[in-house]
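These are my notes from an afternoon of looking things up in one structure. I kept the entries short and wrote down each item as I found it.

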There are 2 protein chains.
Amino acid sequence: MPEASVPAVNEVVPGQWGPDRPIGVAVLGMGNVGSEVVRILREHADDLQARVGAPVTLRGVAVRTLDRDRGLPADLLTTDAEGLVARSDVDVVVEVIGGIDPARALILAALNAGKSVVTANKALLADYTGELAAAAERSRADLYFEAAVAGAIPVVRPLIQSLSGDRVNRVVGIVNGTTNFILSAMDETGADYGETLAEATRLGYAEADPTADVEGYDAAAKAAILASLAFHTRVTAADVFRQGISTITSEDLETASAVNCAVKLLAICERVPAGPGEPSPDEGGKERVSVRVYPALIPRKHPLATVSGAFNAVVVEAENAGRLMFYGQGAGGAPTASAVLGDLVMAARNKFFGGRAPGESVYAALPIAPIGDTPTRYHVNLKVEDRPGVLARVAGKFAEHGVSISTVRQEGHDDRARLVVVTHLATESALAETVAALADMESVTSVTSVLRLEGTEE
Amino acid sequence: MPEASVPAVNEVVPGQWGPDRPIGVAVLGMGNVGSEVVRILREHADDLQARVGAPVTLRGVAVRTLDRDRGLPADLLTTDAEGLVARSDVDVVVEVIGGIDPARALILAALNAGKSVVTANKALLADYTGELAAAAERSRADLYFEAAVAGAIPVVRPLIQSLSGDRVNRVVGIVNGTTNFILSAMDETGADYGETLAEATRLGYAEADPTADVEGYDAAAKAAILASLAFHTRVTAADVFRQGISTITSEDLETASAVNCAVKLLAICERVPAGPGEPSPDEGGKERVSVRVYPALIPRKHPLATVSGAFNAVVVEAENAGRLMFYGQGAGGAPTASAVLGDLVMAARNKFFGGRAPGESVYAALPIAPIGDTPTRYHVNLKVEDRPGVLARVAGKFAEHGVSISTVRQEGHDDRARLVVVTHLATESALAETVAALADMESVTSVTSVLRLEGTEE
């Protein structure tokens, strides 16, 4: 091959894109996010062109039905998403339909055709990043997904790029706005869960079917994505231990307040030691990854405790960078569209100048630690009989099961007598056995709540 | 040119880099940051290789003198920085010398030779980004500088990439750890500035010559970089209005506390309207950019007020993303090295896979608004004579000069009588005239302090 015929990497191939051949964009889905993406693409075309280097043009929007007026010229709307993706003048596909089907097939079709894809689809990414990334790799296309986690907050790109020279040890985040809105409101008003959920639905913070949010599925998908990026390993939604907030009571929040804590639905991703009996990393064994989503008490002075309402925040702890926090709007049409558009500009620039999004990085291939192995601290509330020696007997029961107590407090009298026990680090299995044994004790009327405690130094 | 001879963009050119031809790195400077960069490059070579796709090898470190033991093989150390940069097996140059000379010439030499450059040099970037970016553009090399602003906190990359599809209206940050450490300590201990600076020097938070930090030069350089990125326009250090903290007294902090405010050295970059008499943006005129660094009161409930000690934080307000905050360690060897290494991995990946860092984006070319035109709120402290009618006369003086008062409070008696006035938005020129007139009033003993107030809604 004669040397002169090899263009320098990144050389703009004249005539491919430019004023006469804009970079064509297809938007799949026109809900909250899609409408905002379309609006920004149309209103800020000049700025986008200046930032990309070539014009960026909306070729079409795939919608489910054509029977609504969406304020767009009719020839931009189509129900044929597949046809739109296949158009030869479409270079970048923005997928904001959500869910697995048909998003997965449409994204694969786009990537297989060498088109770049920008998606906000956490459920799809949590389970299929491997497949999508492999397709992108084969055809040297870009797959960007900043908007899939924490809306407008740049956290995907910092993990993939900015921290690529560091070793991330832990990521803890509030990544679901609906549940944070509900927990914040319960904390402020003292109202119970059902009432507050109803209010959140009325205000548009919760969907008609709130299951994905309140049962932690949405947060678990995001946790899987964050853990995969942070630890260079593949984590899917099924690897994430998940508990929602639907069993949280106003009493739980009161108890938390009494010990100067807030209750937050946390997504926690961390490196943990090799399993019992396994060789340690120093002996050639592998450390493991623990990924979990559950409501937990955190001290009010912890930076995540002050994140209220529908806001999101992610704390990243890295060996050299130390503790970083990213805060902002984690959902909503315009904030999510901001993240989508940032990715779109990058994908379009790559088309125009050459260049490529970093691919999937899962070389570490770390095993997942089961939740039973993962020690956390616990906050246990008991109704007890008001007679001498109860505290000692309860404390003894914790000791019997190898769960070490940090503090225990006795409150109230008579039939309102309560014990509040805070443990040191204990595994879930040890704690579960303790709770079962406590429930069987004659002097314990009931175990009223068991909540994890996070964000404290042991 | 036959079509078959054109490799796909990003195609790995076999034999150029790979196991037998690692990506070679030169580090210029081995101070706090350089030592950490070298340590991480050596200790985490395997991880870096996995993330880049090819081995990354340290070719040499340029130091000023060879007479110290730096724990490195002697053949890695050289005093010939120029020669090191020119070596044919050096592909990426990391510049952590700081200052203008010789950093500028070395970086230009590297870029002109098509080598990628990673730098943490805010002073250089604040004045010479245009020149450096042009050199990078000509030779299609990468220029990365995440570490130049706010150490480990990813804020450069989010502004360049994540927010590239949004319109940033305002960036406000605490971007200098030394001054934040001093102001936090003064606030906590009640000690005066001199005492606290001495303590900061003793603890290593302030340099022997603290001028660059305490007089705001360091923050101003970072503000210039942030403003350039946020608004797609060129802002240099000379465009930044700058006031340091060396005139802040313990009394200022007391006064601030009394109104539930903290005092912080803020870097503020914002879009402001076109100048007086100029056409508005709607009429084809240009909005302007105001960039300024000064100590200011901010309400304790503002997110930046809780950033204490040597930590940094940057708040970005964008049209669609809303308000984002980035928080973490803004200085120090390891945190800054984390940012440098992230850039280094990206630069090395681009070498290996093809691809290129986004270039400078200054298409907007917005004029700079002079500080005299930029309205802020003010907090003015006066010692006054304790007699009837003083408050009214002082208030009248503000009104005369067109400065509208938000609140005025009278404190103390006799020779300790004070007035604390908080204004609505006023221009610096109007405020300066008011203060001059106040100082001339018979019933005003002295104007004890004039501080700006930020972070409040008007």
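Which residues of chain A does UniProt give the feature "domain: ACT"? I found the feature at residues 379-452 of chain A, in an unreviewed entry. Before going on I noted that I am working with a predicted model.

**Entry: the annotated domain**

I looked up the make-up of that stretch. Residues 379-452 of chain A are 31% helix and 38% strand. I also looked up its two ends, and the C-alpha atoms there are 6 Å apart.

**Entry: two binding-site annotations in chain A**

I went to K122(A) because the UniProt annotation "binding site", from an unreviewed entry, covers K122(A). I located K122(A) in helix α5 of chain A. Is K122(A) buried, exposed or partly exposed? Its relative accessibility is 27%, so I put K122(A) down as partly exposed. A value under 20% would have made a residue buried, and one over 50% exposed. I then listed what K122(A) touches, leaving out residues up to four places away in sequence: A148(A), D218(A), A221(A), K222(A) and I225(A).

UniProt also places the feature "binding site" at E207(A), again from an unreviewed entry. I found E207(A) in the loop between α8 (193-202) and α9 (211-214) of chain A. Its relative accessibility is 54%, so E207(A) counts as exposed. Which residues is E207(A) in contact with, once its neighbours within four places in sequence are left aside? I wrote down T201(A) and D213(A).

**Entry: helices α4 and α5 of chain A**

K122(A) had taken me to helix α5, and I stayed there to see how α5 packs. Helix α4 (residues 103-112) and helix α5 (residues 122-139) of chain A have axes that come within 9 Å and cross at roughly 15 degrees. Angles under 35 degrees count as roughly parallel, and therefore α4(A) is roughly parallel to α5(A). I noted the crossing of α4(A) and α5(A) as right-handed.

Next I looked up the residues that meet. From α4(A) they are A103(A), R104(A), I107(A), L108(A), L111(A) and N112(A). From α5(A) they are L124(A), Y128(A), E131(A), L132(A), A135(A), A136(A), R138(A) and S139(A). How many residues of each class are in this contact? I have nine nonpolar, two polar and three charged residues for α4(A) with α5(A).

**Entry: helices α13 and α14 of chain B**

I then turned to a helix pair in chain B. Helix α13 (residues 390-400) and helix α14 (residues 428-439) of chain B pack at an angle of about 145 degrees, and their axes are 9 Å apart. I recorded the crossing of α13(B) and α14(B) as right-handed. V394(B), K397(B) and F398(B) are what α13(B) brings to the contact. On the other side, α14(B) has L431(B), T434(B), A437(B) and L438(B). By class, I noted five nonpolar residues, one polar and one charged for α13(B) with α14(B).

**Entry: cis peptide bonds**

Is the peptide bond from D101(A) to P102(A) cis or trans? I found it to be cis, with omega near 5 degrees. P102(A) sits in the loop between β4 (92-95) and α4 of chain A. I looked up chain B as well, where the bond from D101(B) to P102(B) is cis with omega near 5 degrees. The place of P102(B) is the loop between β4 (92-95) and α4 (103-112) of chain B.

**Entry: positive phi in chain B**

R140(B) is not a glycine, yet I found a positive phi of about 55 degrees there. R140(B) is in the loop between α5 (122-139) and β6 (143-144) of chain B. At 32% relative accessibility, I entered R140(B) as partly exposed.

H232(B), also a residue other than glycine, has a positive phi near 55 degrees. I placed H232(B) in the loop between α10 (217-231) and β8 (241-242) of chain B. Is H232(B) buried or exposed? Its relative accessibility is 7%, so H232(B) counts as buried.

**Entry: D80 of chain B**

Last, I looked up D80(B), in the loop between β3 (77-78) and α3 (81-86) of chain B. D80(B) has a relative accessible area of 41% and is partly exposed. I also noted its distance from G34(B): the two are 46 residues apart in sequence and 16 Å apart in space, C-alpha to C-alpha.

How values were computed: Residues numbered from 1 in each chain as written. Chains lettered and ligands numbered in written order. Predicted model: local features only at pLDDT ≥ 70, side-chain atom pairs only at ≥ 80, totals over all residues. Heavy atoms only, no water. Axes fitted to C-alpha atoms, helices over the stretch in contact; angles between N-to-C directions. Helix = DSSP H or I, 4+ residues; strand = E, 2+ residues; numbered from the N terminus. Left-handed = near helix turned anticlockwise from the far one by under 90°. Contact = heavy atoms within 4.5 Å. Nonpolar A, V, L, I, M, F, W, Y, C, P; charged D, E, K, R; others polar. Parallel < 35°, antiparallel > 145°, perpendicular 65-115°, else oblique. UniProt positions renumbered as here; feature names shortened; annotations may be inferred. Buried < 20%, exposed > 50% of the residue type's maximum accessible area, 1.4 Å probe, protein only.
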